[in-house]
Amino acid sequence: MKLHEYQAKEILSTFGVPVPSGKVAKSLDEVEKLLDSLEGKAVIKAQVHAGGRGKAGGVKVVTDVESGKAFAKGLLNSTLVTVQTGPSGVPVNSLLIEEIIQIEKELYLSVTIDGGAKSIVIIASEEGGMEIEEVAEKSPEKIKQLHVNPISGYQPYLGREIAAFLNMDSKQARSLSSLLANLIRTLNDKDLSLIEINPLVITSDGQLVAADTKMDTDENADFRHPANESLRDPEQEDPLERIANEKGIQYVKLDGDVGCMVNGAGLAMATMDVIAQVGSSPANFLDVGGGGSEEQVSEAFKLIVSDPSVKKVLINVFGGILRCDVVANGVVSAYKDIDVKVPIIVRMTGTNSEEGGEILRESGIPVSVANDLSEAAQLIAN
Ligand code: GDP
Ligand code: MN
């Protein structure tokens, strides 16, 4: 689950990581009070679950109350489109109003889980700020990665190595080392999958301050953190993903136009590959699960076709514990409830595949039944 910058900074601050002082505002009245308390000298930042705000007009430094109010008025309750949001953007329902910090240099620092290495990895660069994606692409040697041994945990030599890479003096190196120790403690204690600080600012008086923070929690550990639920902001989530989440369906929205309903995550990924191989592109990842019910199949199908970008649907099922006849009945029942305008291609094999095919044929709904995956792919491509 993604957290807002203001939530992430509150957490960091309780773990001893220096952040600019600031407060979140959800109305223009609150904005005005906060601007007054800072005598109009503030950084105003759109709170959305996406980066790239700076370049999209979502961050501004203001030096008087009036211009701060004017900027906030245009931003609050608007939709912000950044390189990370997709064309429909995300709603700006709150603003972070912070004190201005004097920036000498912008660094990049993050800690995240490297699944392949089964450990935490520290990522750092001297070229932080709004161009970090370009740095990663064009000059990857300017980015350093160091793994944290999970047995010994964080050790100060890691901090010294990162500090040397960032060309810090010994005083800054000590600050960085304790900052890193605190970041890793935050990551572990809060079961986060990511803390990204970009920029990590060196101020004009030589202090390190986390000027921007992205934080993701590991949802598999939600049960250990019931209080996290209050940090969720459903308005930032994709509406279809939110509905899927409520119904217990594994669903990820993608950019293409072929809706996919598959049982099993591995088969779902293989199906997406096959769709890509024939030059089409999947509109979603969807796993109805190995033990899905007819109702779940029906809900999943409705979810897929409710996405306006879906132009075709591919149902690819390997009947095991979830039998093909259950899937067929689920699709038929969904079809009766809603108005489906897109062609449906079905490939079923495994338990009760013949019964499933029979149910689909007898229902009279216009589906093309493919005998194998490559035939299904050809039907998708045509
Ligand atoms: P992002 O574009 O969504 O990552 O938003 P950031 O919070 O990183 O803000 C973008 C840029 O705004 C930063 O790289 C800074 O240059 C600038 N900025 C952010 N906070 C401050 C601040 O407190 N003071 C000043 N002077 N500039 C800031
Ligand atoms: Mn940033």
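Colleague: Which residues come nearest to ligand 1?
Modeller: This is a predicted model: local features need pLDDT of at least 70, side-chain atom pairs count only at pLDDT 80 or more, and totals for chains, interfaces and linings use all residues. Residues are numbered from 1 along each chain as its sequence is written, chains are lettered from A and ligands numbered from 1 in the order in which they are written, and side-chain values use heavy atoms, with hydrogens and water left out. Ligand 1 has 16 residues around it, where being near takes a heavy atom within 4 Å. Coming nearest are K45, R53, G54, E106 and D212.

Colleague: How far is an oxygen atom of ligand 1 from an N or O atom in the side chain of E106?
Modeller: Look for a polar contact, a pair of N or O atoms within 3.5 Å. The side chain of E106 supplies one atom and ligand 1 an oxygen. The distance is 2.5 Å.

Colleague: And what is that distance for the side chain of R53?
Modeller: Here too the ligand 1 atom is an oxygen. Its partner is an N or O atom in the side chain of R53. They are separated by 2.7 Å.

Colleague: Which residue has a backbone N or O atom 3.4 Å from a nitrogen atom of ligand 1?
Modeller: Look to the backbone for this one. The atom lying 3.4 Å from the ligand nitrogen belongs to I101.

Colleague: At what angle do the axes of helix 5 and helix 6 cross?
Modeller: Helices are DSSP runs (H or I, at least four residues; strands are E, at least two), numbered from the N terminus. Axes are lines fitted to C-alpha atoms over the stretch in contact, with angles from 0 to 180 degrees between N-to-C directions. Helix 5 (residues 156-165) and helix 6 (residues 170-189) have axes that come within 8 Å. The crossing angle is roughly 130 degrees.

Colleague: Why is helix 5 called oblique to helix 6?
Modeller: Angles under 35 degrees count as roughly parallel, over 145 as roughly antiparallel, 65 to 115 as roughly perpendicular and the rest as oblique. The axes cross at roughly 130 degrees. That makes the pair oblique.

Colleague: Which residues of helix 5 and helix 6 make the contact?
Modeller: Contact means heavy atoms within 4.5 Å. Helix 6 offers A173, L176, S177 and L180. Helix 5 brings P156, G159, I162 and A163.

Colleague: How are helix 10 and helix 11 oriented to each other?
Modeller: Helix 10 (residues 324-337) and helix 11 (residues 353-363) have axes 7 Å apart. They pack at about 20 degrees. The two are therefore roughly parallel.

Colleague: How are helix 9 and helix 10 oriented to each other?
Modeller: The axes of helix 9 (residues 294-305) and helix 10 are 7 Å apart. Their angle is about 50 degrees. The pair is therefore oblique.

Colleague: Which residues does a cis peptide bond join?
Modeller: Most peptide bonds are trans. In this one, omega is about 5 degrees. P199 is found in strand 11 (residues 192-203). The bond joins N198 and P199.

Colleague: What is the phi of E39?
Modeller: Most residues other than glycine have a negative phi. E39 sits in the loop between helix 2 (28-37) and strand 3 (42-46). Although not a glycine, E39 has a positive phi of about 55 degrees.

Note on methods
A polar contact is a pair of N or O atoms within 3.5 Å; within protein, one must be able to donate a hydrogen and the other to accept it, and residues adjacent in sequence count only if both atoms are side-chain atoms.
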